Amino acid sequence: MEQNIAICLELMKQKKSLDEIQLMMGLSDPSFNDLLREVRARFNIIRKIYSDGSIYYRALKNPKEVPKNEIRINLRGNKFHIVFLADPHIGSKYERIDLLEKIYYEYGAKHNVHVFVNGGDMVEGIYPSNKKKLLESTGAKQVDKVVRVYPHLPGAYTLVTYGNHDENTEGIDTASYISDRRYDIISLGYNSSIINIADDSIGVVHKVSMGRVYNMVEQAMIFKAHGHKSRNIQNRIFYVPASSEEHLGNYEYEPLPGFIDTVLTIEKGKIKRADLTQFAFADGKIRLANEQSIRVDEEREKKLILSKKKENVNI
């Protein structure tokens, strides 16, 4: 272990990405994650992530404190490609690990996706009312299953804003437990988070009452989980469909599992346009459900005009 730690630190100094370090050291995913956990325990580590899926670690004496619910993605070019998914509820009989694998290994690999954003409820959690629908009977078994089976696409990482079910795992800090054992699954804390992109940002919220969705006035777009069904509210708040068959609410039609592919165009540091493509799973296959292109800059200008009108009325 000591020799591996020394080699890892030296490669970090040479500005090698974690994928490059793992490949050069010839370590399996579990062994490499164990090594990184030991490195993080011994040294102050600052992490930099990029839009091409690369992750870099640097060992610093006194790293700048970064809010747990906030992260910056460094862009390579003026396009940023993300896939949003949510609510896999791993540990429930409604989990669909096969669909998660299709999102990553089939769609993600084919379309060169490097960044995935998961809106939370990674696990089912333990509630008095859900005992009958559990595949994994304890919180420990559920979080361990995530570590074992959640997809890892080489050259990609997943940002997770954990949800209310993730907070009910019998005393386990689900976010810390998973990120300590999977370097590619990066925690953005619980319930709400902010992803900074150039001079702009987007928000990710799980449950409205638990997050800051209505206080996210500066964020260009907000992606919302928990509802298990896709919706678009005023071209700003986008509800992400579930990636499981766990359903909430009384819907006229049962919502299908799915995900949202998003390409952001950045100009002069701001998000100018968002091209969103929603996909649904039907008969286990990925099907196109909806496409839309949004001029984020124009929507922002509309809101600014409305805001000024309200200020004038108040005066």
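**Exercise 1.** Find which residues the ring pairs link into a cluster with Tyr-107.

*Solution.* Start with the pairing rule: rings of Phe, Tyr and Trp (its six-membered ring) pair if their centres lie within 6.5 Å. Apply it around Tyr-107, and ring pairs join this residue with Phe-259, Phe-279 and Phe-281 in a cluster. Then go chain-wide: the structure holds 11 aromatic pairs.

A quick word on the ground rules: this is a predicted model, where local features need pLDDT of at least 70, side-chain atom pairs count only at pLDDT 80 or more, and totals for chains, interfaces and linings use all residues. Residues are numbered from 1 along each chain as its sequence is written, and side-chain values use heavy atoms, with hydrogens and water left out.

**Exercise 2.** Classify the pair Phe-32 and Tyr-183, then place both residues.

*Solution.* Take the geometry: the centres are 5.4 Å apart and the planes stand at 90°, so this pair is edge-to-face (planes over 60 degrees apart; under 30 is stacked, the rest tilted). Next, location: Phe-32 belongs to helix α3 (residues 29–42), while Tyr-183 is in the loop between α6 (174–181) and β7 (185–190), so the pair ties together parts 151 residues apart in sequence. Helices (H or I, at least four residues) and strands (E, at least two) are DSSP runs, numbered from the N terminus. Last, exposure: Phe-32 is buried, at a relative accessible area of 0%, and Tyr-183 is buried at 4%. Buried means under 20% relative accessible area, exposed over 50%, partly exposed in between (1.4 Å probe, protein chains only).
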